[in-house]
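Biologist: Could you take me through one part of this model in detail? I would like to hear about the metal site and the strands around that part of the chain.

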Amino acid sequence: MKYSPILFLFLFTSTFAQTDKELAASLITKNKIEGHIYFLASDAMKGRETGTNEGKITAEYLANQLRSYGTKKVPGANGFFQDVPLTKTTAATTRNIVINGGKETQIAPIEGGNYHYDGAAVYLNYGLEEDYAGQDVRGKLVYIKAGSETIRGAQQMFGLMEQKKELAKKNGAIGIVELAAINPEIWNFIDHSYSENRVGFPENDEKTETVDFNYYWVLDTDNAIANDLATKRSNFGKVTISGIEKQEFISRNVVAMVEGTDAKLKNEYIIYSGHYDHVGIGRPDATGDSIYNGARDNAVGITTVLSMAENLAKHPTKRSALFILFTAEEKGLLGSKYYVENPLIPLKQMVFCFNSDNAGYNDTSLVTIVGLGRTIAENDIKVAVSAYGLKAVDDPAPEQNFFDRSDNVHFAVKGIPAPTFSMGFTSFSGEVTKHYHQDNKIPGIHIYFAYYGCMVCIHPHSKLFFCI
Ligand SMILES: [Zn+2]
């Protein structure tokens, strides 16, 4: 069979004049996307909690995907990893307080370790500056009410704690028992968070001075305990906190790069990031299922980053690309915090960070880009997204502070434009909250391919955007 010249011409132009969309779609397929998500969010990965074996397997999987695409190791990294030193603090197995010889009640150890105290104490109303006048609190435990005359909300009460702690320390007290007149439902939430293991950074020497201070919360709905202590200032409590154990371990950010093609511009980098951890195993649902699979949050997000990496390894851009898959986002954005404090390539070379994180979605005609309006790339992003028939919209729920609740914020703080790319949502309610940190499983998840396509399309291949 002979080829006609017209067919040749067609082949030539289609090879050398691929549109952004064609380039983006040339390597990603719905099957590949499903392949990543179905593995990452499988029950076998047990919710990918930081510090678990499944968390490690997830990091290995991601590193080896990046290896298979032909992305490069980042100089200074440990292979495709950046080691992140962390500390796991197990929850206290015993935590109780007996006040005024009353019945034993639970306390939430906000700060401090194992402790037993049966010594001198002082009651100091709200524990504000004026309450210390004429009082000797040295070496004593201070009992106070949470908040102030005007501050009654739990969140605002928390906001006052640092100030109260400084006052107590300045006056020589050894700790605070704060009596919180709050709704029992809020108390349950607080209590629950202190009955779980916690992960943080290892304490450095500067911080050890605060370790000896203890800060506790006790539920006192109607101020009954506070009123009692205010009138009978003699008899105080016996505090017992025990069973807390600290264990240091190493978790890992997964990192890789693709060098840019332009001799000069390759010194500038665009970061594509997302967190790979989720919340692990927790309270079972009605069916007894206790695995929090994290399909949306954030198997979807890391799949967009993998798709980017595969595409860019094949079709590099003028600027270099840096891929970072963070550990310990769900433990307080720790992996990204560690990265910006210990960058493998100087942060001043980073011109943009496109983070990918997901709570859920309720509109597959959209992509929601948290912080879209904060970057001058807004219009270019909108145009690139429209190549896939989607519409880019900004955060519809600013009251949720999503911009500050994902890894992007640490880059933004360092002056790097860093929006977060999410599946389409028009409000933080209904379908979104139903799945958020709850039923975050694969069944029912709609792989709306355009979402992945436009993520890949947005950046490298849009002539309006970074390639110029
Ligand atoms: Zn997330």
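Modeller: Happy to; here is the metal site, followed by the sheet. This is a predicted model, in which local features need pLDDT of at least 70 and side-chain atom pairs count only at pLDDT 80 or more, while totals for chains, interfaces and linings use all residues. Residues are numbered from 1 along each chain as its sequence is written, and side-chain values use heavy atoms, with hydrogens and water left out.

The zinc ion has as its protein donors His275 (NE2), Asp297 (OD), Asp357 (OD) and Asp357 (OD), at 2.0 to 2.7 Å. Donors here are N, O and S atoms within 2.8 Å of the metal (3.2 Å for Na, K and Ca), and as water is not among the atoms, sites may look incomplete. Angles among the 4 donor atoms run from 52 to 151 degrees, and the site is irregular. That word covers anything that fails these tests: four donors are tetrahedral if all angles lie between 85 and 135 degrees, while four count as square planar and six as octahedral if opposite donors are over 155 degrees apart and all others between 65 and 115.

Along the chain, the donor spacing reads H-x21-D-x59-D. His275 belongs to strand β12 (residues 269-275), and Asp357, 82 residues apart from it, sits in the loop between β16 (350-356) and β17 (366-370), so the pair links distant parts of the chain. Helices (H or I, at least four residues) and strands (E, at least two) are DSSP runs, numbered from the N terminus. His275 is buried, with a relative accessible area of 0%, and Asp357 also counts as buried, at 11%. Buried means under 20% relative accessible area, exposed over 50%, and partly exposed in between (1.4 Å probe, protein chains only).

Now the sheet. Strands β12, β16 and β17 are among the 9 strands of an open sheet with mixed pairing, in the order β8-β1-β11-β15-β12-β16-β19-β17-β18. Its edge strands, β8 (198-200) and β18 (391-394), each pair on one side only. From one strand to the next, the twist averages 30 degrees; angles run from 0 to 180 degrees between N-to-C directions, and axes are lines fitted to C-alpha atoms, for helices over the stretch in contact. Two strands pair if DSSP finds at least two bridges between them. β16 runs parallel to β19 (residues 420-423), joined to it by 2 bridges, and Ser356 stands opposite Phe421 in β19.
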